[in-house]
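User: I would like to learn how to read helix packing and backbone outliers in a model. Can you walk me through a case?

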Amino acid sequence: MKNRTMKVKVTKVMAKLLNEKFPKYSFSVEEHTTGWWSDPDDYNPRTGNTKMLVVHYPAQYYALPKSFTTSDLVSCFKHSDHTLEGFLKQIWSMVEI
């Protein structure tokens, strides 16, 4: 069996995975101006923007979207049991209101 590894980073593939696992929410990758602060892994020097994973909550939650960086995702992985399911549990705890 082929050894498969998961890259923990803000990508469209990560957004697609989270959309499949948590259909109650909507995840997308967006670029935002972050001013003086930016995650070095997510910063795009061509545009001056930072790529972020954004979760949009259902309208009945009356909640603003929440943004995550690659550092946030790496932190979730470090605090998990280093499996996909453990990682998803950590993401769930960050996303759930």
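**Reading helix 3**

Analyst: Start with one helix in this predicted model. Helix 3 covers residues 84-95, 12 residues in total. From first C-alpha to last it reaches 16 Å, close to the 16 Å expected at 1.5 Å a residue.

User: Which residues of helix 3 are buried?

Analyst: The buried residues are Gly86, Phe87, Leu88, Ile91 and Val95.

User: What covers the buried residues of helix 3?

Analyst: Both helices and strands take part. The cover includes helix 1 (12-21) and helix 2 (70-78). It also includes strand 1 (26-32), strand 3 (49-56) and strand 4 (66-68).

User: How do I describe two packed helices?

Analyst: Use the angle between their axes and the distance between the axes. Take helix 2 and helix 3: their axes come within 8 Å and cross at roughly 125 degrees. The two helices are therefore oblique to each other. Helix 2 passes helix 3 in a right-handed crossing.

User: Which residues of helix 2 and helix 3 meet?

Analyst: Helix 2 brings Asp72, Leu73, Cys76 and Phe77. Helix 3 brings Phe87, Gln90, Ile91 and Met94. By class, this contact has 6 nonpolar, 1 polar and 1 charged residues.

User: At what angle do helix 1 and helix 3 pack?

Analyst: The angle is about 80 degrees, and the axes are 12 Å apart. Angles of 65 to 115 degrees count as roughly perpendicular, so helix 1 is roughly perpendicular to helix 3. On the helix 1 side, the contact is made by Met14, Leu17, Leu18 and Lys21. On the helix 3 side, Leu84, Glu85, Phe87, Leu88 and Ile91 make the contact. The class split for helix 1 with helix 3 is 7 nonpolar, no polar and 2 charged.

User: Now the backbone. What sign of phi do most residues other than glycine have?

Analyst: Most have a negative phi. Tyrosine 62 has a positive phi of about 50 degrees, although it is not a glycine. Histidine 82 also has a positive phi, of about 65 degrees, and is not a glycine.

User: Where do tyrosine 62 and histidine 82 lie?

Analyst: Tyrosine 62 lies in the loop between strand 3 and strand 4. Histidine 82 is in the loop between helix 2 and helix 3.

User: Is tyrosine 62 buried or exposed?

Analyst: Its relative accessibility is 79%, so tyrosine 62 counts as exposed. The cut-off for exposed is over 50%.

Methods: Residues are numbered from 1 along each chain as its sequence is written. This is a predicted model: local features need pLDDT of at least 70, side-chain atom pairs count only at pLDDT 80 or more; totals for chains, interfaces and linings use all residues. Side-chain values use heavy atoms; hydrogens and water are left out. Helices (H or I, at least four residues) and strands (E, at least two) are DSSP runs, numbered from the N terminus. The expected span of a helix is 1.5 Å times one less than its number of residues. Buried means under 20% relative accessible area, exposed over 50%, partly exposed in between (1.4 Å probe, protein chains only). Contact means heavy atoms within 4.5 Å. Axes are lines fitted to C-alpha atoms, for helices over the stretch in contact, and angles run from 0 to 180 degrees between N-to-C directions. Angles under 35 degrees count as roughly parallel, over 145 as roughly antiparallel, 65 to 115 as roughly perpendicular and the rest as oblique. A crossing is left-handed if the near helix is turned anticlockwise from the far one by less than a right angle, and right-handed if clockwise. Ala, Val, Leu, Ile, Met, Phe, Trp, Tyr, Cys and Pro count as nonpolar, Asp, Glu, Lys and Arg as charged, and the others, Gly among them, as polar.
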